[in-house]
Amino acid sequence: METQTKNLLMLLAICFGFTAHGQVVSQANEPVYITMTTMHWNKDPETDFTDWLDTEKEYFDKVTSKNDLIMNSGYYTHYFTPDNSELLFVNVYKSWEDIEKAQEMEQKLSEEAWPDKEKRQAFFEKQRSYYSREHSDEIYTSLPYYKDLEAKSDKPLVYYMCKRDMALDGKGKPEHFKEYFDKVTSKNSKVKAYYTQRHLWGSNGRELAEVFVFDKLSDLEDFFDENEKLMATAWADETERKEFGQELAKLFTGKHSDYIYQSVPELQK
């Protein structure tokens, strides 16, 4: 039983934690809105990806970076996920209304960046050529459990995302989540940033998505070691630690999925 409790707490240590990228929470700690689009690379072997980054950087510089309604933005490529063709486009907004208004602003900025209609169409055709038509969209709202990036990085960072299904049966208590965050997650020195976000619109109404940000993949191992020490300090009594783990687990069904992505520094807002 002691081993089972330890394993449970270690699983929670892994999975309690996107936004994708330096997610912003307002000074008043109000929730922000996160759109996450999962795209896939074009599988056509004739596709030329050599200028992909240059093309997306041009769009980023001329449109995304100038759209004040987008608080943060980022691209994240597959590192360890079930599908090596996927990549994420993530934007953060202050409100739901800003999501809609930002699309209008995007159109305006695009017309200003490429005033010639034919050249504008040619650019977007080129941009679309990198991706397949397959995609999915999700919208999340942030939760007040986060550790923000202190500064933007000029090198790729590792983003570990865990999607968990919430039990939603009233047996779990959110204060246990907060206690774990305060005593363990927020104190782990290997975690550069941490974000939690709740399903708002999309395919799974139970979903809670969480993200840890690391300098490099090898930091995960040290992260586990440090979590063990933090848990032992927070709940020195083994029986108390076991009981806390059991109560914390009631918040979720036990189903979860794991994804690791890498950021593209040139496309970070």
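The following exercises, each with a worked solution, concern a predicted model.

**Exercise 1. Overall composition**

Determine how many helices and strands the protein holds, and what share of its residues is buried.

Solution.
- The protein contains 7 helices and 8 strands.
- Of its 269 residues, 47% are buried.
- The accessible surface amounts to about 14100 Å². Carbon and sulfur atoms account for 48% of that surface.

**Exercise 2. The setting of strand 3**

Establish whether strand 3 (residues 86-93) is enclosed or open, and identify the strands with which it pairs.

Solution.
- Begin with burial. The cut-off for a buried residue is under 20% relative accessible area. In strand 3, 8 of the 8 residues are buried, so the strand is largely enclosed by the rest of the structure.
- Next, sort the side chains by direction. E86, L88, V90 and V92 point one way, whereas L87, F89, N91 and Y93 point the other way, and all are buried.
- Then consider strand 1 (residues 33-41), which pairs with strand 3 in the antiparallel sense over 8 bridges. Within this pairing, Y33 lies opposite Y93.
- Strand 2 also pairs with strand 3 in the antiparallel sense, over 6 bridges. Here Y75 is opposite F89.
- Finally, examine the connection: strand 2 and strand 3 are joined by a hairpin through 5 residues.

**Exercise 3. The partners of strand 8**

Identify strands that are joined by bridges to strand 8 (residues 252-263), and give one residue pair for each.

Solution.
- Strand 2 (residues 72-80) is antiparallel to strand 8 and joined to it by 4 bridges. Y76 has S263 of strand 8 as its bridge partner.
- Strand 5 (residues 158-166) likewise runs antiparallel to strand 8, with 8 bridges between them. M161 has Y259 of strand 8 as its bridge partner.
- Strand 2 therefore takes part in two pairings, since the hairpin strand 2 of Exercise 2 recurs here.

**Exercise 4. Salt bridges**

Describe the salt bridges formed by K57, K192 and D219, with their distances and the exposure of the residues involved.

Solution.
- As a principle, side chains of opposite charge can pair when their charged atoms come close. The structure holds 10 salt bridges.
- K57 bonds in this way with D61, and their closest N and O atoms are 2.9 Å apart. Because the two residues are 4 apart in helix 2, about one helical turn separates them. K57 is partly exposed at 28% relative accessibility, and D61 is partly exposed at 33%.
- D61 lies in helix 2 (residues 52-62). Its C-alpha is 8.7 Å from that of L267, although 206 residues separate D61 and L267 in sequence.
- K192 and D215 form a salt bridge at 3.5 Å, N to O. This pair links distant parts of the chain, 23 residues apart: K192 is in the loop between helix 5 and strand 6, and D215 is in the loop between strand 7 (207-214) and helix 6 (219-234). K192 has a relative accessible area of 30% and is partly exposed; D215, at 28%, is also partly exposed. K155, K192 and D215 belong to a network of salt bridges.
- D219 pairs with K216, with the closest N and O atoms 3.1 Å apart. D219 is buried, at a relative accessible area of 5%, whereas K216 is partly exposed at 44%.

**Exercise 5. Surface patches and an unusual backbone angle**

Locate the patch of negative charge and the nonpolar patch on the surface, and state which non-glycine residue has a positive phi of about 55°.

Solution.
- The negative patch comprises D237, E238, E240 and E243. E238 is placed in helix 7 (residues 238-249). With a relative accessibility of 45%, E238 counts as partly exposed.
- The nonpolar patch is formed by W96, L200 and W201, which together have about 300 Å² of accessible area. L200 belongs to strand 6 (residues 193-201) and is partly exposed at 36% relative accessibility.
- The positive phi of about 55° is that of L168, which is not a glycine. L168 is in the loop between strand 5 and helix 5 (174-183). The cut-off for exposed is over 50%; at 52% relative accessibility, L168 therefore counts as exposed.

Conventions: Residues are numbered from 1 along each chain as its sequence is written. This is a predicted model: local features need pLDDT of at least 70, side-chain atom pairs count only at pLDDT 80 or more; totals for chains, interfaces and linings use all residues. Side-chain values use heavy atoms; hydrogens and water are left out. Buried means under 20% relative accessible area, exposed over 50%, partly exposed in between (1.4 Å probe, protein chains only). Accessible areas come from the Shrake-Rupley method with a 1.4 Å probe; for residues, only the protein chains shown count as cover. Patches are made of residues with over 30% relative accessible area and no salt bridge: like charges are joined within 9 Å, nonpolar side chains (Val, Leu, Ile, Met, Phe, Trp, Tyr) within 5 Å. A salt bridge is a side-chain nitrogen of Lys or Arg within 4 Å of a carboxyl oxygen of Asp or Glu. Lys and Arg count as positive and Asp and Glu as negative; His and the chain ends are not counted. The place of a charge is taken as NZ of Lys, CZ of Arg, CG of Asp or CD of Glu.
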